[in-house]
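Let's go through this model together and ask what stands behind each label. Each reply sets a value against its cut-off.

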Amino acid sequence: MKASVVLSLIGYLVVPSGAAVLGRCVVAKKLHEGGLSDYEGYSLENWVCLAYFESKFNPTAVYDNLRGDYTGYGLFQIRNHDWCDHGKNRCHVSCSALLNPNLKETIKCAKKIVQGKRGMGAWPSWTLNCQNSDTLARWLDGCKL
């Protein structure tokens with residue numbers, strides 16, 4: 001009996017949690033390769049900063065707003081009510097496709113969002129944490145791109 005309890009506990013510790021959190025430099029490289037460096041005038045540092053404050057670099061993150069008026073998907077927490085298939089679907093993508101760690105659909109959709117009149121201001125977390133920050137360079141420190 002004791003052995004089965006111990007084995008069960010070990011099983012819980014060994015089973016992966018499903019979280020696909022990426023490292024900061026991995027995120028930077030994928031965003032760079034996806035063409036976000038200086039896209040619409042925003043530096044790669046801004047995009048990496050945004051990814052951190054939106055999802056802590058977790059491309060599979062899903063966040064339900066407490067008021068229930070939207071759900072955010074993926075690395076940039078792209079909101080369903082405007083951008084993916086549970087809403088207006090302006091990115092012409094399924095919300096689940098925004099959870100893929102390869103980031104291709106996420107980057108395409110982010111490009112569409114930032115082309116809007118608010119630019120990166122479409123993400124309140126960017127405005128609060130990244131816009132006009134004098135420490136943006138730290139987001140690429142030590143990364144080989």
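Q: Which feature does UniProt place at residues 91–109?
A: The unreviewed UniProt entry places "domain: Glycosyl hydrolases family 22 (GH22)" at residues 91–109. In this predicted model, the chain over residues 91–109 is 32% helix and 0% strand, with the end C-alpha atoms 5 Å apart.

Q: What makes E105 and K108 a salt bridge?
A: Their side chains meet at 3.3 Å, N to O, and the cut-off is 4 Å, so the pair qualifies. E105 and K108 are three residues apart in helix α5 (residues 104–114), so about one helical turn separates them.

Q: Why is K108 called exposed, and E105 partly exposed?
A: K108 has a relative accessible area of 52%, and exposed means over 50%. E105 has 28%, which falls between the 20% and 50% limits, so E105 is partly exposed.

Q: How do you know that K88 and D82 form a salt bridge?
A: The closest N and O atoms of K88 and D82 are 3.6 Å apart, which is within the 4 Å limit. K88 is exposed at 56% relative accessible area, whereas D82 is buried at 15%, because buried means under 20%.

Q: Why does the pair E33 and K29 count as a salt bridge?
A: The N to O distance between E33 and K29 is 3.9 Å, and that is within 4 Å. The two residues are four apart in helix α2 (residues 24–33), so they are separated by about one helical turn.

Q: Why is the pair of Y52 and F53 called edge-to-face?
A: The ring centres of Y52 and F53 are 5.0 Å apart and their planes stand at 85 degrees. Centres within 6.5 Å make a pair and planes over 60 degrees apart make it edge-to-face, so both conditions are met.

Q: What makes F53 and W139 edge-to-face?
A: Their centres are 6.0 Å apart and their planes are at 75 degrees, so this pair is edge-to-face. It links distant parts of the chain, with F53 in helix α3 (residues 44–55) and W139 in the segment after α6 (124–129), 86 residues apart. W139 is buried at 5%, while F53 is partly exposed at 26%. Ring pairs link Y52, F53, F57 and W139 into a cluster.

Q: How confident is the predictor in this chain?
A: The chain averages a pLDDT of 88, and 87% of the residues score at least 70. Over residues 1–17, though, the pLDDT is below 50, and this stretch has zero contacts beyond near neighbours in sequence.

Key. Residues numbered from 1 in each chain as written. Predicted model: local features only at pLDDT ≥ 70, side-chain atom pairs only at ≥ 80, totals over all residues. Heavy atoms only, no water. Phe/Tyr/Trp six-rings, centres within 6.5 Å; stacked < 30°, edge-to-face > 60°. Buried < 20%, exposed > 50% of the residue type's maximum accessible area, 1.4 Å probe, protein only. UniProt positions renumbered as here; feature names shortened; annotations may be inferred. pLDDT = per-residue confidence, 0-100. Contact = heavy atoms within 4.5 Å.
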